[in-house]
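This report follows one chain from its overall build to its contact with a partner chain, and then to selected helices and loops. The structure is shown first.

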Amino acid sequence: MTKFIIRRILVAIPVMFAIALATFLLVQALPGGPFDTVGQKAMPEHIRELLERRYGLDQPIYVQFFNYLGNLLQGDLGPMLRSSTDDVNDIVAQTFPVSIQLGLLSILLGFIIGIPTGILAALKHNSVVDSAATLIAVLGVSIPNLVLGPLLILIFGVWLGWLPIAFWGADPPFTLYFLPPLTSQFWTHAVLPVFAIGTGISAGVSRLTRAGLLEVLAEDYIRTARSKGLRERAVVSVHALKNSLIPVATVMGPLFAGAVTGSLIVEQIFAINGMGRRYIQSIGSREYFLLTSLTLVYSVVLIIGNIAVDVMYAWLDPRIRYD
Amino acid sequence: MTAQAAAKGKPVDLLVDSKSRSPFENAWREFRRNRLAVVGAAIVILTVIVAFIAPLITPYNFYTQNTRENRAKPMTGYNISETHAELCTWYGTPLEWGCTVYLAGSDALGRDLYSRMIFGTRVSLAVAFVGSTVALVVGIILGTISGYFGGRVDNLIMRLVDFLYAIPLLPIIILMQVYFQALARQGVREGIAGVLIQMNQSMGGLLFLFIAIGILNWIGMARLARGQVLSYKHKEFIEAAESVGSSQSRIIFKHLLPNIFGPLLIAETLAIPAYIFTEAILSFIGLGVNPPIPSWGSMINDGYAGLRSNPHLVLVPGLALTFLTLAFNFMGDGLRDAFDPKMRGRI
């Protein structure tokens with residue numbers, strides 16, 4: 001298993017190099033530069049050249065990329081072109097923990113709601129509970145974040161006034177880099193965005209758990225367990241459950257990616273100061289280094305998520321062996 | 001059928017169902033039993049019809065502005081001038097009342113929301129069908145090549161797929177869209193880029209959207225196709241075909257593809273809601289189709305600022321989006337359950 005993980009990490013390095021190169025070239029190819037305007041007016045030509053020289057933007061692209069890589073290996077993600085006080089490391093430190101919290105809480109909510117619902121629907125198969133749960137699950141998957149976000153804001157924020165409608169409840173730095181503080185302000189701010197992303201995830205997880213458990217419960221070894229006289233609860237929890245989660249595990253990779261990209265939109269809607277919002281904002285201002293570094297951070301998150309999913313898949317299904 | 005045969009006193013060797021059914025007929029029967037799936041399919045077909053006949057069922061065109069009646073609530077009537085009434089396609093017909101009532105309200109520029117919603121089905125359906133077709137075709141081609149020929153080609157393609165799996169899709173799609181749109185704004189006219197940009201502008205900004213969505217979504221389809229080909233490659237009938245001397249292309253096209261096409265089509269149908277979402281998200285950020293062509297995502301974006309006082313600006317396109325994705329989800333689920341032999345007889 002460790003050899004597998006190490007090999008995956010080693011394979012990921014050229015992948016990240018290629019992603020960095022592609023993104024760097026793509027953002028540099030965008031017409032216009034970061035220093036074209038100052039306020040509403042155009043930047044004077046000689047000052048623009050000075051600024052570009054200061055940040056190394058007048059050099060050939062391969063030299064720029066080489067310098068960027070060199071800095072990257074030393075832990076410096078690059079300078080911010082339009083801000084004189086922060087550089088990219090500061091921006092990442094401000095926004096990344098928030099995005100992690102949002103993503104992890106949504107996935108957690110997805111599993112906390114999704115798995116018990118799926119189990120219940122499967123155990124009470126073909127009953128009213130099952131039909132209701134399936135209907136709610138498909139509904140949850142079908143309502144996009146784009147619609148659910150404003151809807152939740154409207155119902156709970158504007159009409160009922162129970163929950164705040166914007167911003168995240170706490171600012172970095174957090175303990176252990178991403179653990180949330182246990183204040184009521186944090187949780188009231190966190191409810192709506194997490195629900196906006198989490199309900200979609202929980203709907204998908206619930207459907208898969210139900211389908212997996214139904215398939216497992218029809219297997220012969222479950223019949224053996226029952227005929228041995230085991231209580232139904234023991235049959236389900238000891239024998240059926242772990243195997244029924246395998247379809248869920250296969251979809252965890254895309255699920256993870258979905259949580260990451262879903263948070264992009266929810267951050268826009270709820271004005272949360274996370275990585276996605278910064279990303280979209282800095283496209284217009286042509287923040288070359290910020291964009292490349294954030295894309296790299298996203299892909300690191302995706303790669304780690306994929307590796308974790310494969311490890312968990314191997315744990316769930318002992319027949320799988322990665323050599 | 002057998003009970004009827006027994007009741008009529010017919011001989012009992014009719015216990016075997018004498019009508020032979022093809023797998024498609026079996027699947028169609030299963031599909032019909034699933035009411036939700038039938039409803040979903042009906043809604044999808046209805047939406048396609050609506051997209052085609054959109055000019056007939058809408059009082060206004062999607063770009064007709066009436067800035068004095070902006071942000072009207074749904075079902076509010078108003079007095080319109082003669083000149084403005086002539087812009088209404090129902091003017092002079094028995095449906096003329098439709099020109100004086102905003103069925104779903106109007107947006108910030110006074111454009112009829114109901115008409116924009118109907119015309120928005122065109123964009124969403126175009127993305128759904130064209131995007132999924134591109135992903136299906138590219139994925140099947142690469143997956144079949146990879147699975148059938150194996151060896152180095154397989155390795156290469158699978159490396160490419162693994163590489164693409166690590167790419168964060170949405171940020172890259174956003175960057176690509178910005179790049180294409182910036183090129184278009186510059187008015188580039190020479191070379192391949194110029195031709196593409198011309199085509200894109202004539203399609204209202206849809207072409208690059210298709211390219212972006214199709215390029216980055218064929219991966220799942222390729223993996224599926226490869227898996228299917230691998231599982232069929234060692235079956236006896238393929239071996240028989242090879243031993244009779246069938247050429248490789250004959251084996252692929254006549255034996256492999258018809259067998260693997262079914263599950264792939266179903267998987268692609270299940271992925272269509274994701275394409276609709278992606279287009280809505282891109283339009284929400286402002287990187288989708290060019291205005292004034294209505295897309296539900298851009299309508300939500302326009303209406304979002306007035307959420308408190310005019311929720312209908314967001315709810316009308318939002319509900320439309322939800323219904324379409326719901327329909328595709330039901331239909332896709334029903335198709336998958338109908339073709340899955342293990343689910344036969346179980347809902």
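In this predicted model, the secondary structure of chain A comes to 13 helices and two strands. Taken along the principal axes, the C-alpha atoms of chain A fill a box of roughly 85 × 55 × 35 Å. Of the 323 residues in chain A, 41% are buried, and among the contacts in chain A with a separation of 6 or more, 73% are between residues 24 or more positions apart.

**The contact between chains A and B**

The contact between the two chains takes 39 residues from chain A and 36 residues from chain B. On the side of chain A that touches chain B, at least two residues each are supplied by helix H1 (2-29), H5, helix H6 (145-159), helix H11 (252-270), helix H12 (275-284) and helix H13 (288-316) of chain A. The largest share of that side, eight residues, comes from H1(A). By class, the residues of the side of chain A that touches chain B divide into 31 nonpolar, seven polar and one charged.

One helix pair across this contact can be described in detail. Helix H5 (residues 128-142) of chain A packs with helix H15 (residues 312-339) of chain B at an angle of about 125 degrees, the two axes being 8 Å apart. Angles between 115 and 145 degrees fall outside both the roughly perpendicular and the roughly antiparallel ranges, and H5(A) and H15(B) are therefore oblique to each other. The crossing in which H5(A) passes H15(B) is right-handed. From H5(A) the contact draws on A:Val138, A:Leu139, A:Val141 and A:Ser142, while H15(B) contributes B:Thr322, B:Thr325, B:Leu326, B:Asn329 and B:Phe330. These residues of the contact of H5(A) with H15(B) comprise five nonpolar, four polar and no charged.

**Helix H11 of chain A and its neighbour H12**

H11(A) has 19 residues and reaches 25 Å from its first C-alpha to its last, which is close to the 27 Å expected at 1.5 Å a residue. This helix is mostly covered, since 17 of the 19 residues of H11(A) are buried.

Within chain A, H11(A) and H12(A) pack at an angle of about 80 degrees, with their axes 7 Å apart, and this angle makes H11(A) roughly perpendicular to H12(A). In this contact A:Ser263, A:Leu264, A:Glu267 and A:Gln268 of H11(A) meet A:Gly276, A:Arg277 and A:Ile280 of H12(A). The contact of H11(A) with H12(A) has two nonpolar, three polar and two charged residues.

**Residues with positive phi**

Most residues other than glycine have a negative phi. The table lists residues of chain A that take a positive value.

| Residue | Phi | Location |
|---|---|---|
| A:Phe167 | near 70 degrees | loop between H6 and helix H7 (184-217) of chain A |
| A:Ala271 | about 55 degrees | just after H11(A) |
| A:Arg286 | near 55 degrees | loop between H12 and H13 of chain A |

Are the two loop residues, A:Phe167 and A:Arg286, buried or partly exposed? A:Phe167 has 13 other C-beta atoms within 10 Å and is therefore partly exposed, whereas A:Arg286, with 21 C-beta neighbours inside 10 Å, counts as buried. The cut-off behind this assignment is that a residue is buried if 20 or more other C-beta atoms lie within 10 Å of its own.

How values were computed. Residues numbered from 1 in each chain as written. Chains lettered and ligands numbered in written order. Predicted model: local features only at pLDDT ≥ 70, side-chain atom pairs only at ≥ 80, totals over all residues. Axes fitted to C-alpha atoms, helices over the stretch in contact; angles between N-to-C directions. Helix = DSSP H or I, 4+ residues; strand = E, 2+ residues; numbered from the N terminus. Parallel < 35°, antiparallel > 145°, perpendicular 65-115°, else oblique. Left-handed = near helix turned anticlockwise from the far one by under 90°. Contact = placed C-beta atoms within 7 Å. Nonpolar A, V, L, I, M, F, W, Y, C, P; charged D, E, K, R; others polar. Expected span 1.5 Å × (residues − 1). Buried ≥ 20, exposed ≤ 12 C-beta atoms within 10 Å, placed from the backbone.
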